[in-house]
Amino acid sequence: MASIDACLSVTQKILKQKKTCRKLYSIQHLLSKRNQSSLSQNDPEKYAKPDIDITLCKSTKLNDNVINILKSCTQIKFGTIFTDHMLKIYYDKHAGGWQKPYITPMEHLSLHPAAKVLHYATEVFEGMKAYKSEHGHMNLFRPELNLKRLNSSAERVGLPPIDSGVLLKGIERLVSIDNEWLPVSAPLSLYIRPNLIGTEGTLGVAPTNTALLYVIMCPVGSYFSDKFKSVRLMANPKFTRAWPGGCGDFKIGANYATTLYPQEIASKLGCHQTLWLFGEDRQITEVGAMNVFIFYKNQNGGN
């Protein structure tokens, strides 16, 4: 496995291609935007009505101890340290569809015990990343493609699609508010997790009439530890991850739940991930939490 420095070098080259990334703003501009977002809206003539309601937390969790952890990059376990704020957008079919986005301090969700996501797995998500340049600019890596897949996945499980432009604008604002969670000097990225769930509190297998799309973020380093240089894979034809006519090409939580048991077996065998096979001829479909590329050599040893 390539080192973090090597991966960052490749990432920086990719980010220079304007077609694959979306630059946000300088830190100074972001901080001014953060201050503007907290202005009173009591005078409608002085302040235009915001497209996103914003409530900033009273105190940040980003203390000296957390900053030192982020800069060291050695104590960060994927998905365990979260930023101060989250984005929420509610959907109600009988109230005109998608409601106004708003950003709030990170908080717990409240769901009805019969919420469809809890019984019928009506849930889709995405995994996006933002990177900070040495000049303090935040760059989103190909966000339009992620949001396109989010809507495609939502359609597959009966969830309402959302306007990608509206969602992207909300994500950009969220990143701008919590950009300080990504130190310039640290070889980290800001992982962005949009999650769309069916919230209607009724039993019965049917599309949901209410839903919630929320976005949370966390600073992350390498997905795997630096203690090994390569990844070992378990290839077991007994388990299948995707098949024709299925939903393996959609990013839904149910796809991941069924991989946990095989992954446990792989771990006991000293493997990091599973190489998923399909069919009697054992076609290679994918690898657990990463992409797979195959380098062929012919019978004469040529590439």
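Modeller: Let's start with pLDDT, the predictor's confidence in each residue, which runs from 0 to 100. This is a predicted model, where local features need pLDDT of at least 70 and side-chain atom pairs count only at pLDDT 80 or more, while totals for chains, interfaces and linings use all residues. Residues are numbered from 1 along each chain as its sequence is written, and side-chain values use heavy atoms, with hydrogens and water left out.

Colleague: Thanks! What pLDDT does the protein average?

Modeller: A score of at least 70 is reached by 79% of the residues. The average for the protein is a pLDDT of 83.

Colleague: And in which helix is confidence lowest?

Modeller: Helices (H or I, at least four residues) and strands (E, at least two) are DSSP runs, numbered from the N terminus. Confidence peaks in β3, at 98. Over residues 25-50 the pLDDT is below 50, with 27 contacts (heavy atoms within 4.5 Å) beyond near neighbours in sequence. The lowest confidence, a mean of 41 over residues 27-37, belongs to helix α2.

Colleague: Which element gives the most to the largest nonpolar core?

Modeller: A nonpolar core is a set of buried Ala, Val, Leu, Ile, Met, Phe, Trp, Tyr and Cys residues joined through side-chain atoms within 4.5 Å; buried means under 20% relative accessible area, exposed over 50%, partly exposed in between (1.4 Å probe, protein chains only). The largest one has 40 residues, and L87, L167, I171, V175, I192 and V215 have the most contacts inside it. Elements that each supply at least two residues include β3 (85-92), α6 (164-177) and β10 (210-220). With 6 residues, the top contributor is α6.

Colleague: Why is one side of β11 left without a neighbour in the sheet?

Modeller: Two strands pair if DSSP finds at least two bridges between them. Here 3 strands form an open sheet with mixed pairing, in the order β11-β12-β13, and 2 bridges join β11 to the parallel β12. β11 (233-234) stands at an edge, so one side is left free because β11 has a single partner strand.

Colleague: Last one: is R282 buried or exposed?

Modeller: R282 sits in the loop between β12 (273-278) and β13 (283-287). Its phi is positive, near 55°, though R282 is not a glycine. Most residues other than glycine have a negative phi. Because its relative accessible area is 53%, R282 counts as exposed.
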